[in-house]
Amino acid sequence: MNRSLTCMRCRTIRPRPRATPARNFAANKRPSVAPKPIIDIKDIRQNPELYEYTCTERNYKAQAQHPAKIIQLHSQWQDLQKQGRSLRERSNLLRKFLADPATSSGGDDMMSIREMSRDQVQEEARQLKGRLSAIEKGEAEAVAEMEALALEIPNLTSENTPLGDEPRLLSYINEAPEFDKAHDSPSWRSHVHIGSELGLFDFSGAATTSGWGWYYLLGEAAQLEQALVQYALAVATRHGWTQVAPPTMVYSHIGAACGFQPRDQHGEQQVYSIAQSQADVERGVPEMCLAGTSEISLAGMKANTTIDAGDLPLKRVAVSRCYRAEAGARGADTKGLYRVHEFTKVEMFAWTAPDERDAEDVHEEMLDIQTEILQSLDLYCRVLEMPATDLGASATRKVDIEAWFPSRQQINEGWGELTSSSTCTGYQTRRLATRTRVDGKMTFPWTCNGTALAVPRVIAALLENGWDEETGTVAIPKVLQPWMDGKERIGRIGKQRSAREVTLRARDGSA
């Protein structure tokens with residue numbers, strides 16, 4: 001029975017919704033050259049309560065049973081190993097006798113074999129071979145099932161992470177803005193309303209071309225996107241992060257190794273999978289998907305490799321298009337640019353030494369970069385230590401920065417996420433077989449990732465917070481003006497002139 005729907009417009013396959021969520025790493029078809037995950041199953045066996053508690057706190061209810069199942073499977077595997085050793089010893093004696101009936105090694109067991117006819121010995125040897133084959137198959141299946149269960153268990157949670165579902169406020173960025181109380185309607189400062197007034201967006205054209213959740217940026221909005229990207233890259237590069245231009249299409253098994261699954265814990269579609277021809281399916285060609293973040297492609301850069309310890313921390317920053325299926329119902333929370341299927345994002349990713357202090361230093365550096373960018377954009381933000389229920393599978397700790405949106409006052413008191421940063425310890429590198437060597441011992445580096453800037457939501461925040469009703473213009477933050485032809489404000493397309501243009505016209509008397 002075919003359980004997929006093929007969308008001919010975007011050439012992708014959308015799995016049908018299921019009653020139970022799919023969080024199965026092993027379900028992704030993996031070629032022989034794919035990185036072989038190296039999971040510390042022993043630690044799960046020795047600390048089952050800790051892993052069960054982690055799953056429960058993170059709302060991974062099905063996975064909470066995995067540690068107990070792993071212990072049970074390990075016990076079965078040990079029993080099979082004991083049986084196998086006994087049968088192999090007997091089989092070895094039978095082969096020795098068949099090779100040289102005069103052999104004397106083997107004690108009482110060999111003496112019993114000598115009392116058998118050669119036909120009887122050969123028949124027992126054949127039977128033992130079949131039993132050993134079944135035992136070896138059982139051993140392999142037990143190991144494979146233990147690995148599959150272990151791969152579905154989320155990372156252990158940091159002590160810094162609040163339990164439950166309430167974040168902890170860490171700090172604020174900039175002062176709260178003050179607006180004219182005469183205009184208290186949220187729609188007055190909606191970026192959708194402002195963008196329409198200024199001719200900056202085309203949502204209807206995008207809906208005809210691609211569907212809801214896509215958009216066109218026009219004129220100065222398109223220019224603002226490039227300005228934001230260049231500014232974010234400039235800040236990250238100044239802090240020592242090396243720029244990368246990554247692919248946006250990746251193998252599905254690489255995405256799964258990074259902790260991203262085709263469906264989330266609510267069974268909703270997360271990623272777009274690329275449709276395959278029947279010939280590719282029959283040849284076992286690995287499935288591919290559009291990356292929801294360049295974190296995936298950056299992490300994959302070092303799959304199946306060993307990073308020199310002297311190169312750590314290895315810090316990279318990439319700008320890419322990102323794709324999110326975002327299958328949830330549309331509503332006020334998703335209007336305009338706030339929740340879209342495709343967007344440009346500048347992402348930071350780093351490999352660090354497998355040390356909590358080193359990883360914390362890199363994480364704090366990412367937070368400093370995020371703070372510098374948002375502070376210079378004059379956005380009022382709050383920094384939150386996110387709770388356990390909000391963490392993805394790979395993160396041990398996550399810090400979000402939310403900006404205040406005038407149009408969202410009835411939704412989360414106006415706050416909306418702009419950036420996120422996570423520490424993932426060795427969760428991703430173990431699954432990608434990325435290694436390093438510490439004190440001569442092979443181990444796994446830790447990874448950190450963080451948003452430097454996600455363009456659509458920042459554009460929305462800038463429009464809503466910089467809107468001047470009297471002039472019908474939006475203020476452009478000073479740090480972006482060099483990439484905006486010196487313009488200080490955005491007005492209706494064709495009506496605004498840059499500060500440089502005004503100055504030059506004033507000099508020659510034509511202003």
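**Salt bridges, cores and a small sheet**

Glu 360, Glu 364, Glu 385 and Arg 397 are joined to one another in a network of salt bridges. That network is a handy way into this structure, which is a predicted model. Within the network, Glu 360 and Arg 397 pair up with their closest N and O atoms 2.8 Å apart. Glu 360 belongs to helix α12 (residues 356–376) and Arg 397 to strand β14 (residues 397–404), so this pair ties together parts that sit 37 residues apart in sequence. The two ends differ in exposure: Glu 360 is partly exposed, at 25% relative accessibility, whereas Arg 397 is buried, at 6%. Arg 397 also meets the side chain of Glu 364 in a salt bridge, this time at 3.9 Å from N to O. Glu 364 is again a residue of helix α12, so its bridge to Arg 397 in strand β14 links parts 33 residues apart in sequence. With a relative accessibility of 31%, Glu 364 counts as partly exposed.

The structure has 16 salt bridges in total. Another of them brings Glu 124 and Arg 90 together, and here the closest N and O atoms are 2.7 Å apart. Glu 124 sits in helix α5 (residues 118–152) and Arg 90 in helix α3 (residues 66–99), so the bridge ties together parts 34 residues apart in sequence. Glu 124 just makes it into the buried class, which ends at 20%, since its relative accessibility is 18%. Arg 90, at 21%, counts as partly exposed. As for what lies behind such pairs, side chains of opposite charge can pair when their charged atoms come close.

Cysteines tell another story. The structure holds zero disulfides. Cys 289, for one, is in no disulfide, and the nearest cysteine sulfur, that of Cys 258, lies 9.9 Å away. Cys 289 is also buried, with a relative accessible area of 6%. Then there is Cys 424, whose sulfur is 7.2 Å from the closest cysteine sulfur, in Cys 448. Why is there no bond between Cys 424 and Cys 448? The sulfurs are simply too far apart for one, because a disulfide calls for cysteine sulfur atoms within 2.5 Å. Cys 424 is buried too, at 0% relative accessibility.

Turning to the nonpolar interior, the largest nonpolar core takes in 60 residues. The residues with the most contacts inside this core are Leu 228, Trp 241, Ile 373, Leu 377, Ile 459 and Leu 480. Helix α8 (residues 220–238) is the biggest giver, supplying 10 residues to the core. Take Leu 480: beyond its neighbours within four places in sequence, Leu 480 is in contact with Leu 224, Ala 227, Leu 228, Tyr 231, Leu 377 and Leu 462. Apart from the largest core lies another one, made of 18 residues, including Val 244, Val 250, Leu 298 and Trp 351.

Helix α8 has a polar side to its contacts as well. Gln 223, a residue of this helix, makes a side-chain polar contact of 3.1 Å with Asp 485. The side chain of Gln 223 also reaches that of Lys 487 in a polar contact of 3.3 Å. With neighbours within four places in sequence set aside, the residues in contact with Gln 223 are Trp 483, Met 484, Asp 485 and Lys 487.

Glu 347, in strand β12 (residues 342–352), is a charged residue that counts as buried, at just 2% relative accessibility. Which residues does Glu 347 contact, leaving aside its neighbours within four places in sequence? They are Thr 293, Ser 294, Glu 295, Leu 298, Arg 316, Val 317, Ala 318, Asn 449, Gly 450, Thr 451 and Ala 452. Within its own strand neighbourhood, the side chains of Glu 347 and Lys 345 share a polar contact of 3.0 Å. Ser 320 is 27 residues from Glu 347 in sequence, with 8.1 Å between their C-alpha atoms.

Last comes a small sheet. Three strands make up an open, antiparallel sheet in the order β19-β20-β21. At its edges are β19 (467–468) and β21 (489–490), each of which pairs on one side only. Two bridges connect β19 to β20 (residues 473–475), and these strands run antiparallel. Trp 467 finds its bridge partner in β20 at Val 474.

Key:
Residues numbered from 1 in each chain as written. Predicted model: local features only at pLDDT ≥ 70, side-chain atom pairs only at ≥ 80, totals over all residues. Heavy atoms only, no water. Pairing = 2+ DSSP bridges. Helix = DSSP H or I, 4+ residues; strand = E, 2+ residues; numbered from the N terminus. Core = buried A, V, L, I, M, F, W, Y, C linked by side-chain atoms within 4.5 Å. Buried < 20%, exposed > 50% of the residue type's maximum accessible area, 1.4 Å probe, protein only. Contact = heavy atoms within 4.5 Å. Salt bridge = Lys/Arg side-chain N within 4 Å of Asp/Glu carboxyl O. Polar contact = N/O pair within 3.5 Å; in protein donor to acceptor, adjacent residues only side chain to side chain.
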